[in-house]
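Student: I am new to this structure and would like a close look at one part of it. Could you take me through the salt bridges slowly, and then place them in the chain as a whole?

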Amino acid sequence: MKVSEVLHMNGGIGDSSYASNSLIQREVIFMTKAIAEEAVSDVYCSMFPKTLCIADLGCSSGPNTLLVVTQTVKTVDKIRKKLCRQSSPEFQIYLNDLPGNDFNSIFRSLPRVQEELKEEIGSEFGPCFFNGVPGSFYSRLCPTSTLHFVHSSYSLMWLSQVPKGVEMNKENIYLASTSPPSVINAYYEQFQKDFSMFLKCRSEELVSGGRMVLTILGRKSEDPTSKECCYIWDLLAMALKQMVSEGLIEEEKLNSFGIPQYTPSPLELKAEVEKERSFSINRLEASEINWAACGNKLYSSDDSFKDDGYNVAKCMRSVAEPLLVRHFGESIMDKLFHKYGEILSDCMSKEETKFVNVTISMTKRE
């Protein structure tokens with residue numbers, strides 16, 4: 001399976017779409033807002049570029065897509081006014097995701113977003129030029145030495161391919177306590193290869209002194225099979241195994257499926273950045289957010305773990321369904337995610353469940 005041809009969030013605005021199930025990703029963007037603002041402020045005040053070039057990598061589609069971009073524009077304008085600079089810079093904005101992303105939804109929302117920015121900022125608002133950039137961020141995306149600020153949130157845990165040897169990881173769809181050492185090593189080596197290539201490509205695209213802020217689904221533990229990063233997939237594997245026992249999925253199908261993801265620790269990220277040597281690290285932090293943040297607080301019951309479980313299942317469906325459909329077929333999806341919701345509800349009623357986010361802020365070396 002070529003991940004770049006299959007991996008994308010569910011498009012549209014339906015019940016299982018990413019646009020309708022991305023509240024947790026939005027919350028994480030707000031949690032890390034101060035780090036992004038600090039980086040943008042530093043790069044703007046050190047260069048005062050006539051055109052500020054920004055790239056949001058793994059932008060997806062939906063209400064979060066232009067959130068970071070609009071925050072960045074507002075941050076720059078706030079600093080400009082504070083420093084009494086008369087002219088606002090122009091903004092060149094690159095929105096990147098894989099070709100299967102719902103770019104049309106993004107383009108349709110641009111006139112409204114631009115109008116809102118003009119109304120809020122006023123007559124000094126610098127023009128914004130938007131570019132859709134379909135392609136893998138494990139390759140070059142932008143011209144050499146053009147970018148001032150690169151942002152990515154909840155995207156870089158996805159690998160360019162499923163590591164080799166996944167068939168040895170029987171009854172698991174991701175790393176687990178029962179995964180053989182060879183499988184664990186294969187996942188880690190694929191992460192190292194991919195993240196190193198990501199850093200190399202961005203180092204060529206960023207100007208000297210340019211800034212990059214990345215937030216990645218990760219872990220605090222140095223154990224890549226720890227519960228804090230693997231549990232969410234363990235429970236989906238449990239639902240798949242139930243369907244195997246009911247004869248709805250072939251066991252061979254389950255054993256040949258793997259999630260192309262790796263959730264790194266802060267130390268693993270630090271090691272790769274230091275090895276690649278193009279960037280200096282400004283900040284490296286880990287944070288947590290409850291799984292229940294997936295749910296829409298306007299519509300879910302205050303104390304219903306059942307609602308929370310099904311909300312998490314919908315969130316995971318919006319992210320993982322294209323991969324699952326490609327391997328198992330579309331006909332089982334409703335039943336699979338119903339089972340998954342039941343398992344999640346039971347789990348969340350008995351224990352505290354959290355995602356770990358790792359955020360790293362870097363500067364491109366001279």
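**A close look at the salt bridges**

Tutor: Arginine 219 is buried, with a relative accessible area of 0%. The model is a predicted one, and in it the side chain of arginine 219 meets that of glutamate 268 in a salt bridge, with 2.8 Å from N to O. This pair links distant parts of the chain, since glutamate 268 belongs to helix H9 (residues 266-276) while arginine 219 sits in the loop between strand E5 (206-218) and helix H7 (227-245), 49 residues apart. Glutamate 268 is buried as well, with a relative accessible area of 10%, a value that falls under the 20% limit for buried residues.

In general, side chains of opposite charge can pair when their charged atoms come close. The structure holds 24 salt bridges, and another of them joins the side chains of arginine 140 and glutamate 205, at 3.3 Å from N to O. Arginine 140 lies in the loop between strand E3 (128-134) and E4, and glutamate 205 lies in helix H6, so the pair ties together parts that are 65 residues apart in sequence. As for their surroundings, glutamate 205 is buried at a relative accessible area of 1%, whereas arginine 140 counts as partly exposed at 33%. Both residues also belong to a network of salt bridges, in which Arg140, Lys200, Arg202, Glu204 and Glu205 are linked.

A further salt bridge stays within a single helix: arginine 112 pairs with glutamate 116, and their closest N and O atoms are 3.3 Å apart. Both residues lie in helix H5 (residues 103-121), four residues apart, which is about one turn of the helix. Arginine 112 is partly exposed, with a relative accessible area of 48%, and glutamate 116 is partly exposed too, with 41%.

Charged residues also appear in another setting, a negative surface patch formed by Glu171, Glu250, Glu251 and Glu252. Of these, glutamate 252 has its place in helix H8 (residues 251-255), and it is exposed, with a relative accessible area of 65%.

To place these pairs in the whole, the protein chain has eleven helices and seven strands, and buried residues make up 56% of its 366 residues. Its C-alpha trace spans about 70 × 45 × 35 Å along the principal axes. A compact globule with 366 residues would have a radius of gyration near 21 Å, and the protein chain agrees with this, having 21 Å.

Parts that are apart in sequence can also be followed through their C-alpha atoms. Those of aspartate 307 and serine 345 are separated by 7.4 Å, although the two residues are 38 residues apart along the chain; aspartate 307 is in helix H10 (residues 305-328) and counts as partly exposed at 27% relative accessibility. Likewise, the C-alpha atoms of asparagine 96 and serine 60 are separated by 7.9 Å, with their positions 36 residues apart along the chain. Asparagine 96 lies in strand E2 and counts as buried at 1% relative accessibility.

Finally, the loop between helix H4 (67-82) and strand E2 (90-97) contains cysteine 84, whose phi is near 60 degrees, a positive value in a residue other than glycine. Cysteine 84 counts as exposed, at 64% relative accessibility.

Terms used:
Residues are numbered from 1 along each chain as its sequence is written. This is a predicted model: local features need pLDDT of at least 70, side-chain atom pairs count only at pLDDT 80 or more; totals for chains, interfaces and linings use all residues. Side-chain values use heavy atoms; hydrogens and water are left out. Patches are made of residues with over 30% relative accessible area and no salt bridge: like charges are joined within 9 Å, nonpolar side chains (Val, Leu, Ile, Met, Phe, Trp, Tyr) within 5 Å. Accessible areas come from the Shrake-Rupley method with a 1.4 Å probe; for residues, only the protein chains shown count as cover. A salt bridge is a side-chain nitrogen of Lys or Arg within 4 Å of a carboxyl oxygen of Asp or Glu. Lys and Arg count as positive and Asp and Glu as negative; His and the chain ends are not counted. The place of a charge is taken as NZ of Lys, CZ of Arg, CG of Asp or CD of Glu. Helices (H or I, at least four residues) and strands (E, at least two) are DSSP runs, numbered from the N terminus. Buried means under 20% relative accessible area, exposed over 50%, partly exposed in between (1.4 Å probe, protein chains only). The radius of gyration is taken over C-alpha atoms; the globule rule is 2.2 Å times the number of residues to the power 0.38.
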